[in-house]
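Biologist: I'm new to this one, so could you show me the model and then let me pester you with questions?

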Amino acid sequence: MTKKTEKILLFLLFLFCLTLRLAFITQKNLWFDEVFSWNLTLGSFYEIIVRTSNDIHPPLFYFVLKLWNFAFGDSIFAMRLLSALFCSSSVFLIYPLAKRVLSSANSIIVVLLYCISPLNLYYSQEVRMAAMNLFLNLSSLYFLLKLLDEERLNKLRSRFHGLLHDRVF
């Protein structure tokens, strides 16, 4: 599979994933935890910090949701769209992570299974931090592995440079 084909297929899978998450996104009413999230965004950033200081959830999601609501409004669709976008964007991280241990074809299957996962579909349509948490955790893993690869490459370069230096001098 060429890089161009890979990118096109990945983008189509992203659109498929997003379409599944947007389908019937407003069918359910907001439930208690979602109303709690929305209610927190009505206050200032300082109030969010104060109100979440006794909560087990860190305030980052509420900050992002507050900015999102400022830009796009606080309708059910707009607020749930944030989670749907985080979940759908995870496709771009799952594929390269899967590709590290699987073939390209199998990695596409992994992404497809992620897209149609009922549990993931359910949580990607909620105004809660699960979707952002998944995205940030996948991002952390992706960049950590990339950093470790670069460190290994630098070690190999330094070893090769050392061997070359010993041979020349």
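Modeller: Sure, let's begin in the middle. In the largest nonpolar core, which has 29 residues, Phe61, Tyr62, Leu65, Leu82, Val91, Val111 and Tyr114 touch the most other members. By nonpolar core I mean a set of buried Ala, Val, Leu, Ile, Met, Phe, Trp, Tyr and Cys residues joined through side-chain atoms within 4.5 Å; buried is under 20% relative accessible area, exposed is over 50%, and partly exposed is in between, with a 1.4 Å probe and protein chains only.

Biologist: Which helix gives the largest share of this core?

Modeller: Helix 1 (3-22), helix 4 (60-72), helix 5, helix 6 (91-99), helix 7 (104-116) and helix 9 (130-168) each supply at least two residues. Helices here are DSSP runs (H or I, at least four residues), numbered from the N terminus. The largest share, 6 residues, comes from helix 5.

Biologist: Before we go on, what sort of model is this?

Modeller: Residues are numbered from 1 along each chain as its sequence is written, and side-chain values use heavy atoms, with hydrogens and water left out. Local features need pLDDT of at least 70, side-chain atom pairs count only at pLDDT 80 or more, and totals for chains, interfaces and linings use all residues, since the model is predicted.

Biologist: Is Leu65 buried or exposed?

Modeller: Leu65 sits in helix 4. Skipping neighbours within four places in sequence, Leu65 is in contact (heavy atoms within 4.5 Å) with Ser37, Trp38, Thr41, Met79, Leu82 and Val127. Its relative accessible area is 0%, so Leu65 is buried.

Biologist: How far apart in space are Leu65 and Arg128?

Modeller: Along the sequence, 63 residues separate Leu65 from Arg128. In space, going C-alpha to C-alpha, the distance is 9.4 Å.

Biologist: How many salt bridges does a search of the whole structure find?

Modeller: Side chains of opposite charge can pair when their charged atoms come close. For a salt bridge, a side-chain nitrogen of Lys or Arg has to be within 4 Å of a carboxyl oxygen of Asp or Glu. Searching the whole structure on that basis gives a count of 3.

Biologist: Which residue meets Glu6 in a salt bridge?

Modeller: Glu6 counts as buried because its relative accessible area is 8%. The N to O distance in this salt bridge is 2.9 Å, and the partner of Glu6 is Lys99.

Biologist: How many residues apart in sequence are the parts that Glu6 and Lys99 tie together?

Modeller: Lys99 is partly exposed, at 29% relative accessibility. Glu6 is in helix 1 and Lys99 is in helix 6, so the parts tied together are 93 residues apart in sequence.

Biologist: Which residue forms a salt bridge with Glu34?

Modeller: Glu34 is in helix 2 (residues 32-41), and the pair links distant parts of the chain, 46 residues apart. Glu34 counts as buried because its relative accessibility is 0%. The closest N and O atoms are 2.9 Å apart, and the partner is Arg80.

Biologist: What is the relative accessibility of Arg80?

Modeller: Arg80 belongs to helix 5 (residues 76-89). Beyond residues up to four places away in sequence, Arg80 touches several others, including Ile25, Leu30, Ser124 and Val127. A polar atom of the Arg80 side chain also lies 3.2 Å from the backbone oxygen of Gln125. Arg80 counts as buried because its relative accessibility is 0%.

Biologist: Where is the Asp149 end of the Arg100 pair?

Modeller: The side chains of Arg100 and Asp149 meet in a salt bridge of 2.9 Å, N to O. Arg100 is partly exposed, at 42% relative accessibility, and Asp149 is partly exposed too, with a relative accessible area of 29%. Arg100 is in the loop between helix 6 and helix 7, while Asp149 is in helix 9.

Biologist: And the outside: which helix gives the most to the nonpolar patch?

Modeller: Met1, Ile8, Leu9, Phe11, Leu12, Leu15 and Phe92 make a nonpolar surface patch of about 620 Å². Patch members have over 30% relative accessible area and no salt bridge, with like charges joined within 9 Å and nonpolar side chains (Val, Leu, Ile, Met, Phe, Trp, Tyr) within 5 Å; the areas come from the Shrake-Rupley method with a 1.4 Å probe, and for residues only the protein chains shown count as cover. Met1 lies in the segment before helix 1. With 5 residues, the most comes from helix 1.

Methods:
Polar contact = N/O pair within 3.5 Å; in protein donor to acceptor, adjacent residues only side chain to side chain.
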